[in-house]
Amino acid sequence: PDGSRVLLTAAVWHDVRPKKNSVYEIDLASGKPELKSSGLDWRFNYAGYRNGRIVVQATDCVRGGLNQDYQFFDISGKKPELIAGDLDSWFRDSVCCDVHYGVGERQSFYVRDGQIICLATRGYKSNLYAVESDGAWRALTDLNAVNDFGVAGSTVAFVGHQGLNLQELFV
């Protein structure tokens with residue numbers, strides 16, 4: 001939160017990579033990593049700070065195995081807390097189209113003023129959403145597909161398209 005530490009999701013392995021991973025916090029001054037997901041046999045997609053707490057996009061793989069959808073959890077306490085309701089959504093753009101300009105490996109979510117900003121496919125559309133501090137989801141866009149996005153300060157930029165139009169950059 002103060003810029004002296006960073007979070008990362010990683011797996012420690014030899015010979016065969018495990019299907020699950022962990023969350024580490026690294027002190028930038030010392031370079032020392034500290035395990036933050038102790039006792040959780042989960043798959044973590046991304047981790048970030050929200051109001052000084054550790055928020056992850058993760059799945060426990062209990063109900064749906066390795067294909068279970070990711071959800072947002074706060075893992076700062078002794079027991080993980082589900083932040084937003086159990087949704088049937090995928091945290092990427094999975095709408096099929098011929099062109100995906102700018103799409104690649106990217107940050108899965110950003111935290112801005114206590115809100116989690118993320119891309120999710122729900123039904124046949126992928127759009128940007130804000131997860132509010134009370135766990136409520138609020139749509140930020142209403143397009144056929146938002147393919148990629150970034151956040152800098154209070155500005156959100158994204159690439160997307162509506163109908164059969166070509167992709168456009170929106171700020």
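Student: How much accessible surface does the protein have, and what share of that surface belongs to carbon and sulfur atoms?

Tutor: In this predicted model, the accessible surface of the protein comes to about 9,900 Å², and 50% of that surface belongs to carbon and sulfur atoms. Going from the surface to the residues, 40% of the 171 residues of the protein count as buried.

Student: Which secondary structure elements does the protein have, and how many of each?

Tutor: The secondary structure comes to 14 strands and zero helices, and the pattern read along the sequence is accordingly written β-β-β-β-β-β-β-β-β-β-β-β-β-β. As for how the chain meets itself, 37% of the contacts between residues at least 6 apart in sequence join residues at least 24 apart.

Student: How should I read an aromatic pair, and how many aromatic pairs are there?

Tutor: A pair of aromatic rings is described by two quantities, the distance of the centres and the angle of the planes. In this structure the count comes to eight aromatic pairs. One of them is formed by Trp42 and Phe44, which are stacked, with 5.9 Å from centre to centre and 25° between the planes. Trp42 and Phe44 are both buried.

Student: Which kind of pair do Tyr110 and Phe149 form, and why?

Tutor: The ring centres of Tyr110 and Phe149 are 5.4 Å apart and their planes stand at 75°, so this pair is edge-to-face, the cut-off for that class being over 60 degrees. Because Tyr110 lies in strand 8 (residues 109-112) and Phe149 in strand 12 (residues 145-152), the pair ties together parts that are 39 residues apart in sequence. Tyr110 and Phe149 are both buried.

Student: Which residues do ring pairs link into a cluster?

Tutor: The cluster that ring pairs make consists of Tyr46, Phe72, Phe109, Tyr129 and Trp137.

Student: How is empty space found, and what volume does the largest pocket have?

Tutor: The general idea is that rolling a probe the size of a water molecule over the atoms shows where empty space is left. Here the largest pocket has a volume of about 200 Å³, and its lining includes Thr9, Ala10 and Ala11, then Arg17, Pro18, Lys19, Lys20 and Asn21, and also Arg43, Phe44 and Tyr70. Phe44, a member of the stacked pair with Trp42, is thus one of the lining residues as well.

Student: Which strands each supply at least two residues of that lining, and what classes of residue does the lining have?

Tutor: Strand 1 (5-10) and strand 4 (43-50) each supply at least two residues of the lining of the largest pocket. Sorted by class, that lining has five nonpolar, four charged and two polar residues.

Student: Where is Tyr70 placed, and is Tyr70 buried or exposed?

Tutor: Tyr70, one of the residues that line the largest pocket, is placed in the loop between strand 5 and strand 6. With a relative accessible area of 12%, Tyr70 is buried, since the cut-off for that class is under 20%. The C-alpha atoms of Tyr70 and Arg43 are separated by 8.5 Å, although these residues are 27 residues apart along the chain.

Student: Which residues does Asp60 touch, not counting residues up to four places away in sequence?

Tutor: With those sequence neighbours left out, Asp60 touches Lys20, Asp41, Trp42 and Gln68. Asp60 has its place in the loop between strand 5 and strand 6, and is partly exposed, with a relative accessible area of 26%. From C-alpha to C-alpha, Asp60 and Tyr70 are 8.5 Å apart in space and 10 residues apart in sequence.

Student: Which phi values do Asn51 and Cys61 have?

Tutor: Asn51 has a positive phi of about 55° although it is not a glycine, and Cys61, likewise not a glycine, has a positive phi of about 60°. Asn51 is found in the loop between strand 4 and strand 5 (53-59), whereas Cys61 is found in the loop between strand 5 and strand 6 (71-74). Asn51 is exposed, with a relative accessible area of 64%, while Cys61 is buried, with a relative accessible area of 11%.

Student: In which strand does His161 lie, and is His161 buried or exposed?

Tutor: His161 lies in strand 13 (residues 155-161) and is buried, with a relative accessible area of 8%. The C-alpha atoms of His161 and Leu143 are separated by 6.4 Å, and the two residues are 18 residues apart along the chain.

Definitions and conventions. Residues numbered from 1 in each chain as written. Predicted model: local features only at pLDDT ≥ 70, side-chain atom pairs only at ≥ 80, totals over all residues. Heavy atoms only, no water. Phe/Tyr/Trp six-rings, centres within 6.5 Å; stacked < 30°, edge-to-face > 60°. Buried < 20%, exposed > 50% of the residue type's maximum accessible area, 1.4 Å probe, protein only. Helix = DSSP H or I, 4+ residues; strand = E, 2+ residues; numbered from the N terminus. Contact = heavy atoms within 4.5 Å. Areas by Shrake-Rupley, 256 points an atom, 1.4 Å probe, with all protein chains shown as cover. 1 Å grid on protein atoms, 1.4 Å probe; cavity = no way out; pocket = protein on both sides within 12 Å on 5 of 7 lines; lining within 4 Å. Points joined across faces, edges and corners; volume = space filled by probe spheres on them. Nonpolar A, V, L, I, M, F, W, Y, C, P; charged D, E, K, R; others polar.
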